Amino acid sequence: MILFNEVSKVFGTGKKEVRALDNVSFAVQSGEIFGLLGPNGAGKTTSLRLLSTLLKPTNGRISVAGLDTVKESPKVRERIGFLSSDMNLSGSLSAQELFHFFGALNHIEEREIVNRSNRLIDQLKMEDFFQRKVETYSTGMKQKTLIGIALLHDPDIIIFDEPTNGLDIITGRVVLDILKSLKQRGKTLIISTHIMSIAEKLCDRVGIIHKGEIRVIGTLQEIYTQTGQPDLEEAFFSVIGGVIEDEGHPHRSKKRA
């Protein structure tokens, strides 16, 4: 189980203080796919970085399978695979070389690295570019490589921030099928996405976060009932008040038609 207990995260001090999360509490059950939804700047990525131990909470506690993400961060990192929305790849290494590098970092034996790499190559359809330099990759190829790196050590808990980012519709479907297969293997998944149809297809439960606070949480049907809306998109806009940030213009907002 993953547990956020009255977690707050503050960046800066004084007049420059930004409260990214404000007393957030929620739980993710083992073996479920949990979706964290919200507009830009709502606190989704901050929550996932806290969970992955990249950040420390200002207040409150986060635990992963009973392990404190601050006091026991090395053990937590052994249990999780994390794909951040702002991760990128560049340089002259190939996906093959990157898989071997990160496999060694996770103390995986060479033969097992090869076996796991071959499975991921097949699952992610990477045969055509696996041995090419990353600098020649398209956005979708890089995203597949990053997903492979996150899954290489076979983590119990997978954290994906926008897993289909940069992928065409066919490749995106491949990734969604992989996420479903991971759940079937008993993995716990937390994903953030701005695509409501993905959340509806994948998630057992979702939480909608806005301005650093969890506004509603539950199964899709529970959220429809709580918001009085017929689908997740309508429920989402009902919860956040119909205002979203205009991408590319962080200080402008626009009403949904």
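Which helix lies across strand 9 and strand 10? See View 3 for helix 8.

This is a predicted model, where local features need pLDDT of at least 70, side-chain atom pairs count only at pLDDT 80 or more, and totals for chains, interfaces and linings use all residues. Residues are numbered from 1 along each chain as its sequence is written, and side-chain values use heavy atoms, with hydrogens and water left out.

**View 1. An open sheet of six strands, with mixed pairing.** The strand order is 6-7-8-3-9-10. Strand 6 (80-83) and strand 10 (213-218) are the edges, each pairing on one side only. From one strand to the next, the twist averages 15°. Strands are DSSP E runs of at least two residues, helices H or I runs of at least four, numbered from the N terminus. Pairing takes at least two DSSP bridges between two strands.

**View 2. Strand 3 (residues 33-37) beside strand 9 (residues 205-210).** The two run parallel, joined by four bridges. L37 has I208 of strand 9 as its bridge partner.

**View 3. Helices across the sheet strands.** Helix 8 (residues 220-227) runs at about 120° to strand 10. Helix 5 (residues 139-151) lies across strand 6 and strand 7 (157-161), at about 165° to strand 6. Axes are lines fitted to C-alpha atoms, for helices over the stretch in contact; angles run from 0 to 180 degrees between N-to-C directions. Contact means heavy atoms within 4.5 Å.

**View 4. Confidence along the chain.** pLDDT, the predictor's confidence in each residue (0 to 100), averages 89 for the chain. Strand 12 (residues 249-255) is lowest, at a mean of 37. Strand 4 (residues 59-64) is highest, at 97.
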